[in-house]
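Student: I should like to learn how to read the features of a protein model. May we go through one together, please?

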Amino acid sequence: MGVPVPLALENGSIGCHGELIDLLSSVRTVELPFAVPKQLFRVTEAQIVKDVLHALQGSPGETILWDKAKLQFYFKLGTHVSHLSPSSLLVMLRPFLSAATSSRRVQKFVSKASMSLSHKFPTLEAFAKAVSLRLEHIRRAVLEKETEAVQEPSSVTLLNLSESLSWVSSAFKFLDHVVNNAVPNNFFTYDAANLSTHILTFLFDALNKFSLLKDGEEEAYRTLLLLFVVSLWPHVQLLDTWLQEGSLSDPFGELFFYANASASIQDTAFWQTGYLVRYTDQTGEERQSLSCASFLQPIAMPILSAGKSLQLLRHFQKEGVAKASTVQLIQAPETSLFENFCLSLKKLLVQDNLPPTELSSLTKIAAGTEGHISSTIILPSLDDHGLRNAVFSNDKGHVDRTSYLHGSGCGSILHRQMLVDEKELKLVFATLAEISSEEESTECGAAISMLEWLQRVDFPVTPSSTVIVQECLISLITKQVNAIGAQLLEKLMGEWRLMEELSLLRSLYLMGSGDLLQQFSFVLFNKLDRGEPWDDFYELNTMLQESVRSSADAAMYSTLDSLVVKMESRGTAERSPVHRVQFTGRSPVFGIDTLQDLRFEYKVAWPLELIIDSDAIKRYNQVMCFLLKVKRAKQALDKACRWTWKGDSDSHKPQLLLQMKLMHFVNTLHHYVMDQVLYSSWLELCEGMSSARSLDEVISCHDMYLISIQRQCFVAPDKLWTLISSRVKSILGLALEFYAVQRGVVGSAGTAPRSQLEIDNVAKQFDECIAFLLRVLSFKLNVGHFPHLTELITRINYNNYYLSESGQLLTPIPDLQPHRLKKNLFSK
């Protein structure tokens, strides 16, 4: 049975053939939902072109829709054109759909980054702004094509779009790729420093890869370059403030360092703890890298040092510490660091082949003077007396009283016009000020100008990001860092008198002034020899003050108020035991360890205490204690030597031999450390200070100086020096024991019963210590790391007395076990 089909339309006429087919099809397929007439999905190519252009600009159309679940554009199923097969149509549309999807995703990122959370990430905000402007620039070409399609629909076809907008499709896809890799999806979980590091490092590395262009990659290089330049702006702005003003204005924490509020600039630890360094999160890795873009890491510490140096200089000037300052602070340049970066980049990209118009646009970016009216322009006065007489004189030849200022006479018209102009100018300047303030708070005018320039200019060369950063940014930063460092060093070596202070420390702690501690040590050693109490605080300081006053070094008089000698207060368990050597009928002699707790406290004035801090004074004291031990052993042996030569030398040959061995070792050690510490190390310090370019290098140079003298005096905390120090200290202690034996012999008016046994015991211990010490000192690995040990070995082993040239002991010791010695020597 058939279904009746109405053939007449509402107006009574019969429809055309197509309408009849549609009507019949719709009635016959009521029970078949998928049998939709194809005529309903037939569109023109012009409509598809229109939808393609809309999709490339991020908007869906009638035939190209947006899938919210899959986040992609798709072509409406069943839609076709009369002159293209479905497969051919899809092949032509597939690149556009992919490019449109990328365009929409990039637009979504820009919207996401522009949310309220993004203000916490200035670099992300700048990156998103650059992406947005780049997206608009690419879409501008699509918009121009759309305008052409509206004006001449037949001239714009899908094939025409494929040819003319191929670069647009590639640009959208590449921009989407960059956004996906430069910014993590969960960027809101990052802190500002790590996110900034991630974005800038990725752009830097990617730009390096595209610097050697292939065909069709010009737009990729352009995209990466402008994204990198604009994203770099917030970071460079922070560095500019730090390097030009010495102030840290980083509320969101994007820089690789941050201020420590608990450390004041006048604290001794300001230089080490005033600003702390941020590190990236590297779970499971032994080392952590700076939370800083890879291209800034080599100069990160100089940047930090320069800002702190500038703070010191400004604080010194502000507080008026120096009444007569000979150094003027560096004047801030007229242009910012980023503006200079942009100018240098333009010159690098065009190789100085800019036309005059482009050169003029560089007055605007570098100097930032566009739109500014100078308020200091003074025009010469105009002598218009004759002109006024000719114009305004009346019949009688008199000139009417005209006041342009008050508006009287002929000046009334001009006065009214001036008031109108003034009102208009106030509105104009207020608007300009508001716009300028808004631009300054949201974006950098130089950055936007640079971005627009990068999008329109053709690059004769495409330098890598490494070259760009080095030539246009690092060089500028390095120049400023060096200028600040040179200025601070001029202060250090001039007004602050660093080398004079170090010379005073050398004289005090390192026996640099021959007679400075002569009286102090003479009285102190005599008390120790007699076993008398010697650690009274008042008496020690009285002895020291008298010794300083009686010295010939007038420069040391200034240290009297800052110098105090005391015994270090430590716990009972940590305090060195007081060893005494005592013989019958004689007062005990204090052992060599007695001097271990003696300390000189010296207060270094600010800001030199940033270099010579409490730890440095502690290390100076360690060296001073060692030198006092050597000096005491030498003095004791000198006394023993005088007693020996007064007696019967033929009956005391073993004592003479031991005495000569001890004298040779102690004198050799004394000359060695005094030569090395007083002269060689000091000359190295002076040379290092003269070549230093920053306070950090000065501190490092002084620290290396302290390490050097600690090693040469065997008081360094390393295992090797502890091993050597124990044997050296033992030999110095044996010198005191030998002195005590000799004093006992002299006091008993003859040979004491136990004197020979004591001499033999001292001789045996000396041979054991010297053999062990020479083996350690002559070990090739140690000599290779510390060449100065070779000189000490040569001096001690004079004429190969103890060791042969092959390293064999020439005086075997029965109780010495070489295999155990070797095991202990090389064990870790």
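Tutor: The following dialogue takes up helices, their packing and some backbone angles.

Tutor: This is a predicted model, in which local features need pLDDT of at least 70, side-chain atom pairs count only at pLDDT 80 or more, and totals for chains, interfaces and linings use all residues. Residues are numbered from 1 along each chain as its sequence is written, and side-chain values use heavy atoms, with hydrogens and water left out.

Student: How many helices and strands are there in the protein chain?

Tutor: Helices (H or I, at least four residues) and strands (E, at least two) are DSSP runs, numbered from the N terminus. The protein chain has 27 helices and 8 strands.

Student: What share of the residues of the protein chain counts as buried?

Tutor: A residue is buried under 20% relative accessible area, exposed over 50%, and partly exposed in between, with a 1.4 Å probe and protein chains only. Of the 828 residues in the protein chain, 45% are buried by this rule. As for contacts (heavy atoms within 4.5 Å), 73% of those with a separation of 6 or more join residues 24 or more positions apart.

Student: How far apart are the end C-alpha atoms of helix H8?

Tutor: The expected span of a helix is 1.5 Å times one less than its number of residues. Helix H8, residues 218-245, has 28 residues and should therefore span 40 Å; its end C-alpha atoms lie 39 Å apart, which agrees. For the 18 residues of H22, the expected span is 26 Å, and the end C-alpha atoms are 26 Å apart, again in agreement.

Student: Where does H8 bend?

Tutor: The bend at a residue is the angle between axes fitted to the seven residues ending there and the seven starting there. H8 bends by about 40 degrees at tryptophan 233, and proline 234 follows within four residues. H8 is also mostly covered, since 23 of its 28 residues are buried. Just after H8, glycine 246 has a positive phi of about 70 degrees.

Student: At what angle do helix H7 and H8 pack?

Tutor: Two packed helices are described by the angle between their axes and the distance between the axes. Axes are lines fitted to C-alpha atoms, for helices over the stretch in contact, and angles run from 0 to 180 degrees between N-to-C directions. Helix H7 (residues 192-209) and H8 pack at about 150 degrees, with axes 9 Å apart. H7 is therefore roughly antiparallel to H8, a term used for angles over 145 degrees, whereas those under 35 count as roughly parallel, 65 to 115 as roughly perpendicular and the rest as oblique. Residues making the contact include Leu200 and Phe204 of H7, and Leu224 and Phe228 of H8.

Student: Which residue lies in the loop between helix H22 and helix H23 and has a positive phi?

Tutor: Phenylalanine 714 lies in that loop, between H22 (695-712) and H23 (719-747). Its phi is near 60 degrees, a positive value in a residue other than glycine. Phenylalanine 714 is buried, with a relative accessible area of 2%. Arginine 497 likewise has a positive phi, of about 55 degrees, although it is not a glycine. Arginine 497 is in the loop between helix H16 (465-493) and helix H17 (498-509), and is partly exposed at 49% relative accessible area.

Student: Which residues does a cis peptide bond join?

Tutor: Tryptophan 606 and proline 607 are joined by a cis peptide bond, with omega about 10 degrees. Proline 607 is placed in the loop between strand E8 (598-602) and helix H20 (614-646).
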